[in-house]
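Colleague: Please take me through this model one point at a time, and give each cut-off where its term comes up.

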Amino acid sequence: MGMMLSVASSLIISTNLLVAAALLKLLLKKCSQSWCFVLNLALADCLVGVAITGLATEDLSRNVSLADRPSNTTPSTGQDKTRCLLRMAFVISPCIASIMSMFLISLDRYAAIKIPLRYSLLSGKGTAAGALLVLWIISLTMGFMPVMVRQLQVESSYDGFCAFFSVIHNVAIVIFLSVVFFPVLAIFIYIYLDILKIASNHQKQICRVRQASSWNGDHHRQHSQHQPHHSYLRISYWSHVKALRTVAVLVGCFLVLWCPFFVVSIVHILCKSCALKAVIENHIWLLGLSNSLINPIVYAIWQREVRLQLVAMFSCITGSSLAARAAVTERGDPQPNVQTQASASRRDTLNPALLQPITNDEAHAGPQTATTSL
């Protein structure tokens, strides 16, 4: 388990840092509210990877200590339980921030389609900063609530295995589901259906414009009248289709990766005899954490601007490495420089027969010849 968490944390941190660097360069070129939300998503997922690193280290050290510990010693203390609570809080908080960032990305694209004029007036640095501030306040409050509220902690003795259900009470899971998961899921579905409705209405308008252009007798005049409106409808329709596809990917990944954890957690709370704790902590919980690895691939690299920026970054790195290799090769092989100096010395040795006075005709012809050669 510890080795698996170590590999997952390294992949999550590396991919999200790479995407965050590309997004930061895009923000320096052109500040956009949407890129701020995607950058916050990458940073939140990177923090998830850092928190998983702590869990992996504790799991590996626990296996070593269990192998060396005598059988008659107590497995853990209250201090170990508090440390596990803090570790789980540092995992839960960025996970909530990641889910809320996905929600802000979907809401931002939906507002740009639904109310474009009001969106252009309301969007900006202040709106993005305020939304991100509220997001992190909610995430940190929800994540550290089991640490601050004793009623949300498990009353039984801590067995030394740091996991979600080992230290956090079932009531905290119910609160988390009712405050974060189900509202976000309901809004995701509503946004998807509303964008689908808008795109279908625009498709119907495009069909009506085409029929009106074909039924009119004066085709050229009618076509010239409907052409600007028709072009606007086509552009608007394809923008809605792209937004619909983006929201569909958001909802799909969110459902596939997080729904099993929440559904099985509800079954675990309601069915005491089902013994699903080991399945949740060893398998299904890791599926939800893998969303932090899928996010930079689906939500950031899928964007054309981010792909171009990543290609530019890799091309700069490759070009600088090739230039460094060429410089090292030139410094290591001085033979071409010697030959060049020798050939230059031979060229500098002029033939005395060529040292003749230049006439006026030759002086006037010299610049013309030079210009012709250029």
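Modeller: Buried means under 20% relative accessible area, exposed means over 50%, and partly exposed lies in between, with a 1.4 Å probe and protein chains only. The model is predicted, so that local features need pLDDT of at least 70 and side-chain atom pairs count only at pLDDT 80 or more, while totals for chains, interfaces and linings use all residues. Residues are numbered from 1 along each chain as its sequence is written, and side-chain values use heavy atoms, with hydrogens and water left out.

Colleague: Which residues of α5 are buried?

Modeller: Helices here are DSSP runs (H or I, at least four residues; strands are E, at least two), numbered from the N terminus. Helix α5 covers residues 125-148, and its buried residues are Ala128, Leu132, Leu135, Ser139, Met142, Gly143, Phe144 and Pro146.

Colleague: Where in α5 does the kink lie?

Modeller: A bend is the angle between axes fitted to the seven residues ending at a residue and the seven starting there. The end C-alpha atoms of α5 are 33 Å apart, in agreement with the 34 Å expected for its 24 residues at 1.5 Å a residue (the expected span being 1.5 Å times one less than the number of residues). The kink, of about 30 degrees, comes shortly before the proline Pro146, at Met142.

Colleague: Which residues does Ile96 touch, leaving out those up to four places away in sequence?

Modeller: Ile96 is found in helix α3 and, with a relative accessible area of 0%, is buried. Its C-alpha atom is separated by 9.4 Å from that of Phe176, 80 residues apart along the chain. With contact meaning heavy atoms within 4.5 Å, Ile96 touches Ser139, Met142, Gly143, Phe176 and Val180.

Colleague: And Leu86, with neighbours within four places set aside: which residues is Leu86 in contact with?

Modeller: Leu86 also lies in helix α3, but at 34% relative accessibility this residue counts as partly exposed. The C-alpha atoms of Leu86 and Val147 are separated by 6.8 Å, although the two are 61 residues apart along the chain. Under the stated exclusion, the contacts of Leu86 are Phe144 and Val147.

Colleague: Which side chains meet in a salt bridge?

Modeller: A salt bridge is a side-chain nitrogen of Lys or Arg within 4 Å of a carboxyl oxygen of Asp or Glu, and a search of the whole structure finds one. The pair links distant parts of the chain, helix α7 (residues 170-215) and helix α3 (residues 78-114), with its members 80 residues apart. The partner in α7 is buried at 9% relative accessibility, and the one in α3 is partly exposed at 43%. At 3.5 Å, N to O, the side chains that meet are those of Asp194 and Lys114.

Colleague: Is Asn16 buried or exposed?

Modeller: Asn16 lies in helix α1, and beyond residues up to four places away in sequence it touches Ala42, Asp45, Cys46, Ser292 and Pro296. Its relative accessible area is 1%, and therefore Asn16 is buried.

Colleague: How much accessible area do Met3, Val7 and Leu11 have together?

Modeller: Leu11 has its place in helix α1 (residues 2-29) and is partly exposed, with a relative accessible area of 41%. Residues three or four places apart point the same way because an α-helix has 3.6 residues a turn. Patches are made of residues with over 30% relative accessible area and no salt bridge, where like charges are joined within 9 Å and nonpolar side chains (Val, Leu, Ile, Met, Phe, Trp, Tyr) within 5 Å. By the Shrake-Rupley method with a 1.4 Å probe, where for residues only the protein chains shown count as cover, this nonpolar surface patch has an area of about 290 Å².

Colleague: At which residue does α9 bend?

Modeller: Helix α9 (residues 277-289) has 13 residues, which should span 18 Å, and the 17 Å between its end C-alpha atoms agrees with that. Its buried residues include Ile280, Ile284 and Trp285. The bend, of about 35 degrees, is at His283.

Colleague: Finally, how many helices are there in the chain?

Modeller: Of the 374 residues in the chain, 39% are buried, and 82% of the contacts with a separation of 6 or more are between residues 24 or more positions apart. The accessible surface comes to about 21,800 Å², with 66% belonging to carbon and sulfur atoms. Strands number zero, and the count of helices is 13.
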